[in-house]
Amino acid sequence: MADATAERQPRGWGKPDLDLSDADWRASSQGADVQIAFVEGFIAMRNGRRPESPSLVFAPAEWRAFVRGALEGRFDVT
């Protein structure tokens, strides 16, 4: 029997369990380390070097905030 706590999503998750198996993953022209796919109105992001690893799923407003923050240099990527 599976542990019920392992099946619960974090509070405030509010995102569907998307089927990403047929997603059209796109990589930047700079390389394939990060890939994104647009699925059912959400944006999924994964590690292109390890596509079997879990993906992050963003609602459109979250994606805009993430991209804006990246463009403004808010994240330390060194």
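This is a short walk through the structure, one selection at a time.

**Start with the whole chain.** What you have open is a predicted model. Colour it by pLDDT: the average is 82, and 77% of the residues score at least 70. Now select residues 1-6, where pLDDT stays under 50. For that stretch, the model has one contact beyond four places in sequence, so take its placement lightly.

**Switch to cartoon view.** You should find two helices and four strands. Trace the chain from the N terminus and the elements go by as α-β-β-β-β-α. If you turn on a surface, the protein exposes about 6,400 Å², with carbon and sulfur atoms supplying 52% of that. Of the 78 residues, 26% count as buried.

**Select the strands.** They make an open sheet in the order S1-S2-S3-S4, with antiparallel pairing. Which strands stand at the edges? Pick 26-27 and 56-58: these are S1 and S4, and each has a single partner strand, so one side of each is left without a neighbour in the sheet.

Next, go to residues 34-39 and 42-47. These are S2 and S3, an antiparallel pair joined over six bridges. Click on Val 39 and look for its bridge partner in S3, which is Phe 42.

**Add the helix H2.** Select residues 60-71. H2 lies across S2, S3 and S4, and it runs at about 105 degrees to S4.

**Show the aromatic side chains.** Display Phe 58, Trp 63, Phe 66 and Phe 75 together, as they form one aromatic cluster. How many aromatic pairs are there in the model? The count comes to four. One of them is Phe 58 with Trp 63, an edge-to-face pair with 5.2 Å between the ring centres and 65 degrees between the planes. Both Phe 58 and Trp 63 are buried.

Keep Trp 63 selected and add Phe 66. This pair is tilted, at 5.5 Å centre to centre and 35 degrees between the planes. Where do the two sit along the chain? They are three residues apart in H2, so about one helical turn separates them.

**Compare their surroundings.** Is Trp 63 buried or exposed? Trp 63 has 16% relative accessibility, so it counts as buried, the cut-off being under 20%. Phe 66, at 29% relative accessibility, counts as partly exposed.

**One last look.** Zoom back out to the full chain. Among contacts between residues at least 6 apart in sequence, 16% join residues at least 24 apart.

How values were computed:
Residues are numbered from 1 along each chain as its sequence is written. This is a predicted model: local features need pLDDT of at least 70, side-chain atom pairs count only at pLDDT 80 or more; totals for chains, interfaces and linings use all residues. Side-chain values use heavy atoms; hydrogens and water are left out. Rings of Phe, Tyr and Trp (its six-membered ring) pair if their centres lie within 6.5 Å; planes under 30 degrees apart count as stacked, over 60 as edge-to-face and the rest as tilted. Buried means under 20% relative accessible area, exposed over 50%, partly exposed in between (1.4 Å probe, protein chains only). Two strands pair if DSSP finds at least two bridges between them. Contact means heavy atoms within 4.5 Å. Axes are lines fitted to C-alpha atoms, for helices over the stretch in contact, and angles run from 0 to 180 degrees between N-to-C directions. pLDDT is the predictor's confidence in each residue, from 0 to 100. Accessible areas come from the Shrake-Rupley method with a 1.4 Å probe; for residues, only the protein chains shown count as cover.
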